[in-house]
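Hello,

Here is the structure we talked about, ready for you to open. Please have a look at it first, and then read my notes below.

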Amino acid sequence: MNKLLITSSRKLVLPAAVAVCTCFLVACADTYDGDETFESSVKNAQLSSPAEADIAITASSDGSQQTISWPVVHGAGGYEVVLYDLSNDKVGRDTIDGCSLTTEREEDTNYQLEIRTLGNAKLNNQDASAPTVKNFSTFTESYGKIPAGDLYRFFQENPIPDTEDIATELNYDLEPGGQYTLSKSLNFNFHKVVLRTTDKVNRATIVMGDSANFIVSNDFTLKYVNVDASTCVKALMEAYKYDTDPDDIMPKPKNYYLIDFVRIMDCHIKGVMGSLFYDNNKSWAVVNFLIKNSIIHMNTTTSNVKNESFISFQGGGVKDFSISNSTVYQTGEGNAKYFLRYNNSIRVDRLGYETSDHTTLTYTNNTFYKVASGQWANYSGISNYTAYTVLNNIWVDCADGQIARRMMGNGRLGTNATATWSNNTYWTEGEAKDNSQYDTGFTLSTDPAFADPDNGNFTPTGAEQVERKTGDPRWFTD
């Protein structure tokens with residue numbers, strides 16, 4: 001690891017304001033009952049750093065913070081603590097006079113901790129010669145590791161046992177930087193599966209075969225992976241086309257079988273020739289469909305797009321859809337008519353919820369370029385029960401430019417629905433498109449002027465977008 005990272009000005013994980021001293025060193029004299037003084041008997045010594053096994057890492061109940069603690073080293077004058085976030089090269093350091101501190105805790109992060117005992121001049125004790133190093137991770141527990149190679153063959157040779165509870169999420173780890181293929185469609189047989197790289201910087205790559213895809217029959221997550229779909233003619237993810245209704249397997253509180261999660265997180269996906277997701281015209285509803293911190297390159301041909309939609313629910317739909325901090329762009333000659341399409345009969349109460357629970361549609365800090373032709377969405381059937389949050393997005397040459405109207409089903413916003421808009425750009429064919437009848441927030445009316453969109457550089461150079469930092473944050477550098 002590059003030790004020069006210590007000099008980074010990006011001091012993140014150990015701000016002095018959160019260093020909490022929860023016990024005092026014996027070397028700090030405490031006086032009780034008159035003049036009786038207690039101090040360390042360790043003097044004139046070369047001190048040692050705390051043993052790795054004695055350093056405890058404890059997460060807070062909500063997972064947002066972690067407490068690092070260690071036993072007192074007698075005779076010490078303090079401790080130098082350095083914490084590296086190995087996922088993004090961030091580093092924090094602090095010197096404290098206690099034996100515990102609290103820092104923020106990032107999900108899915110590999111950390112390296114160094115603690116060095118400092119000497120005490122009054123006791124003539126010297127600094128420890130070296131810090132103690134402890135590596136730890138906030139990734140959830142791994143179910144299995146998959147060596148580089150063909151994912152289809154791996155799961156044929158190592159199928160998920162039928163004894164595994166389908167309610168348990170199974171995390172499969174791919175090798176950092178590993179090269180994988182998927183030669184045929186991969187079905188996880190109603191199990192919840194996460195495919196992830198446990199190194200967010202050095203993602204594994206999956207190259208899809210022409211007839212391969214992921215068959216979704218329960219929760220499915222792609223996390224910290226690169227996917228090359230440039231020869232795949234199927235939908236990248238496809239809901240299981242069941243012949244026999246899975247009534248005894250999957251929950252169906254009302255009209256639809258419920259899948260809790262479909263998630264694409266911190267992924268780079270290129271060359272999608274057809275749909276990203278297709279429900280196979282079956283009665284599936286995804287409760288949470290999430291795209292976050294991802295780049296998705298579309299290279300679609302019309303014949304490969306399912307039901308005219310990039311995210312296509314022909315038989316079902318989504319309760320809560322969210323896309324954030326992501327870029328979706330098109331270079332293909334064909335295009336999906338819709339970005340996201342539901343079956344017109346989908347409605348929150350038909351999923352087993354109360355209408356007051358709402359469907360949510362959330363778009364925050366995204367960049368869209370040449371996505372969809374003519375339409376964007378068909379939300380008219382659910383607009384009376386939906387909470388819309390649409391903030392800080394950039395649409396350039398997408399659909400007919402009337403994005404807000406398409407989202408809201410021509411503006412039929414019922415009494416049970418809400419909509420929050422702000423800082424969106426709708427730029428089509430060299431001019432701003434007026435969405436003010438539907439987008440009631442502040443809109444940006446100037447060209448975002450991407451730096452080099454034909455070569456995949458969507459850095460905005462337009463003054464308004466730069467000032468407000470709109471679109472996918474990845475295109476702005478500190």
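Phe-321 is buried, with a relative accessible area of 0%. Please keep in mind that this is a predicted model, and that goes for everything below. Phe-339 is buried too, at 1% relative accessibility. The structure holds 35 aromatic pairs, and Phe-321 and Phe-339 make one of them: their ring centres are 6.4 Å apart and their planes meet at 75 degrees, so the pair is edge-to-face. This pair links distant parts of the chain, since Phe-321 belongs to strand 27 (residues 317-324) and Phe-339 to strand 29, 18 residues apart.

Both rings also belong to one aromatic cluster, whose members include Phe-277, Phe-310, Tyr-342, Trp-376, Trp-395 and Tyr-426. Another pair to look at is Phe-154 with Phe-155. Here the ring centres are 5.2 Å apart and the planes stand at 85 degrees, so this pair is edge-to-face as well. Phe-154 and Phe-155 are both buried.

Rings can have charged neighbours, too. Arg-263 lies over the face of Phe-261, 4.3 Å from the ring centre. Lys-282 does this with Tyr-242, at 4.8 Å from the ring centre.

Next, the sheet. In what order do the strands of the open six-stranded sheet come? The order is 14-17-20-23-26-29, and the pairing is parallel. At the edges are strand 14 (186-187) and strand 29 (338-341), each of which pairs on one side only. As background, strands of a sheet pair through backbone hydrogen bonds, and they may do so in a parallel or an antiparallel way.

You can follow the pairing across the sheet:

- Strand 17 (residues 214-216) is joined to strand 20 (residues 237-239) by three bridges, and the two run parallel. Ile-215 stands opposite Glu-238 of strand 20.
- Strand 23 (residues 277-278) is joined to strand 26 (residues 309-312) by two bridges, again in parallel. In this pairing, Phe-277 stands opposite Ile-311 of strand 26.
- Strand 26 pairs with strand 29 over three bridges, in the parallel sense. Ile-311 stands opposite Leu-340 of strand 29.

Notice that Ile-311 has Phe-277 opposite it in one pairing and Leu-340 opposite it in another. Phe-277 is also a member of the aromatic cluster, as is Phe-339.

Now for the charged side chains. Side chains of opposite charge can pair when their charged atoms come close. How many salt bridges does the structure hold? There are 18, and three of them make a nice tour.

Start with Arg-153 and Glu-157, whose closest N and O atoms are 2.9 Å apart. Both lie in helix 1 (residues 151-157), four residues apart, which is about one turn of the helix. Arg-153 counts as exposed at 55% relative accessibility, and Glu-157 counts as exposed at 52%.

Then go to Asp-228 and Lys-270, which form a salt bridge with the closest N and O atoms 3.9 Å apart. This one links distant parts of the chain: Asp-228 is in strand 19 (residues 225-228) and Lys-270 in strand 22 (residues 268-272), 42 residues apart. Asp-228 is buried, with a relative accessible area of 16%, whereas Lys-270 is partly exposed at 46%.

Finally, find Asp-472 and Arg-474, where the N to O distance of the salt bridge is 2.5 Å. Asp-472 is buried at 2% relative accessibility, while Arg-474 is partly exposed at 31%. There is also a network of salt bridges that links Glu-80, Arg-93, Arg-116 and Asp-127.

One last topic is the cysteines. A disulfide is a covalent bond between the sulfur atoms of two cysteines. How many disulfides does a search of the whole structure find? It finds zero. Why is Cys-232 not bonded to Cys-267? The sulfur of Cys-267 is the closest cysteine sulfur to that of Cys-232, but it is 15 Å away, too far for a bond, because a disulfide needs the two sulfur atoms within 2.5 Å. Are these two cysteines buried or exposed? Cys-232 is buried, with a relative accessible area of 1%, and Cys-267 is buried at 0%.

Enjoy exploring, and write back with any questions.

Best wishes

Terms used
Residues are numbered from 1 along each chain as its sequence is written. This is a predicted model: local features need pLDDT of at least 70, side-chain atom pairs count only at pLDDT 80 or more; totals for chains, interfaces and linings use all residues. Side-chain values use heavy atoms; hydrogens and water are left out. Two strands pair if DSSP finds at least two bridges between them. Buried means under 20% relative accessible area, exposed over 50%, partly exposed in between (1.4 Å probe, protein chains only). A salt bridge is a side-chain nitrogen of Lys or Arg within 4 Å of a carboxyl oxygen of Asp or Glu. Rings of Phe, Tyr and Trp (its six-membered ring) pair if their centres lie within 6.5 Å; planes under 30 degrees apart count as stacked, over 60 as edge-to-face and the rest as tilted. A charge sits over a ring if NZ of Lys or CZ of Arg is within 6 Å of the ring centre and within 35 degrees of the ring normal.
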